[in-house]
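User: Please take a close look at one part of this model. I would like to know how it is covered and what it pairs with.

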Amino acid sequence: MTIRVIIVDDQAMVRAGFAALLSAQADIDVVGEAPDGRRGVEVGRATHPDVVLMDVRMPEMDGLAAARELLNPPAGVVHRPKVLMLTTFDVDDYVYEALRAGASGFLLKDAPPADLISAVRVVAAGEALLAPSVTRRLIADFAAQRPAPRRDPALRLAGLTPRETEVLELVARGLSNQEIAAHLVLAEQTVKTHIGRLLAKLDQRDRAQLVIFAYESGVVRPGDGTR
């Protein structure tokens, strides 16, 4: 199955470079481009991409506002793409807010080409791009600047088994499924099953949302075992 992608960035050379790289892959089809967030939303609604590569800082409408519009569309609009934020900064408040809004992760613009290709495939498959240490640092840093953890999710947390709570903590610390399996001495498929149950019980979209939920509910505190 071909992954449909649009690229939203105010730099023409960045769009052209990413488009050329991704279009060369047999399983990826670049179906549109846009120079700002407003046009990005329009192109996204018209082309129904699987993945939107969204720059954080742009004129007209920034990437955060555009991501919110795509991920929380008005009544009558059914399509919700996966959004992968692009940034030149290791730590950016916009990226944290984008994750809260439902983005599936972020990637630094200067990442190696192979990482960009892999990121598109990972996000299209429904996973979140949270493995790199820079992402763990970003989430921990900005969670540390937020108000005290909210206690309203306590009811949903109460419905988790001890093992599910343990898996949630490890996901929030940035461990991959393979690392969680090794840490808990479980099969990787079992870890995937636990994560699927966590998403359903906590009413979260993907792994990125689980991380935000874990921090904001107090399951994990910034700096507590984060690698």
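Analyst: What follows concerns strand β3, with a shorter note on one helix pair for context. The model is predicted, so to speak of local features pLDDT must be at least 70 and side-chain atom pairs count only at pLDDT 80 or more, while totals for chains, interfaces and linings use all residues. Residues are numbered from 1 along each chain as its sequence is written, and side-chain values use heavy atoms, with hydrogens and water left out.

The protein chain contains eleven helices and five strands, taken as DSSP runs numbered from the N terminus (helices H or I, at least four residues; strands E, at least two). Of its 227 residues, 49% are buried, that is, under 20% relative accessible area with a 1.4 Å probe and protein chains only, where exposed is over 50% and partly exposed lies in between. Among contacts (heavy atoms within 4.5 Å) with a separation of 6 or more, 68% join residues 24 or more positions apart.

β3 spans residues 51-55, and five of its five residues are buried. The cover is on both faces: Val-51, Leu-53 and Asp-55 are buried on one side, Val-52 and Met-54 on the other.

β3 pairs with two strands, pairing being at least two DSSP bridges. With β1 (residues 3-8) β3 runs parallel, joined by four bridges; here Val-51 is the bridge partner of Val-5. With β4 (residues 82-87) β3 is also parallel, through five bridges, and Leu-53 stands opposite Leu-84 of β4. From β3 the chain reaches β4 by way of helix α3 (residues 63-71), a right-handed β-α-β crossover: with the strands pointing away from the viewer, the path from the first strand over the helix to the second runs clockwise.

For context, consider helices α8 (residues 162-172) and α9 (residues 177-184). Their axes come within 10 Å and cross at roughly 130°, with axes fitted to C-alpha atoms over the stretch in contact and angles running from 0 to 180 degrees between N-to-C directions. At that angle α8 is oblique to α9, since under 35 degrees counts as roughly parallel, over 145 as roughly antiparallel, 65 to 115 as roughly perpendicular and the rest as oblique. The contact involves Arg-163, Glu-166, Val-167, Leu-170 and Val-171 of α8 with Ile-180, His-183 and Leu-184 of α9. The buried residues of α8 include Val-167, Leu-170 and Val-171. After α8 comes Gly-174, with a positive phi near 90°.
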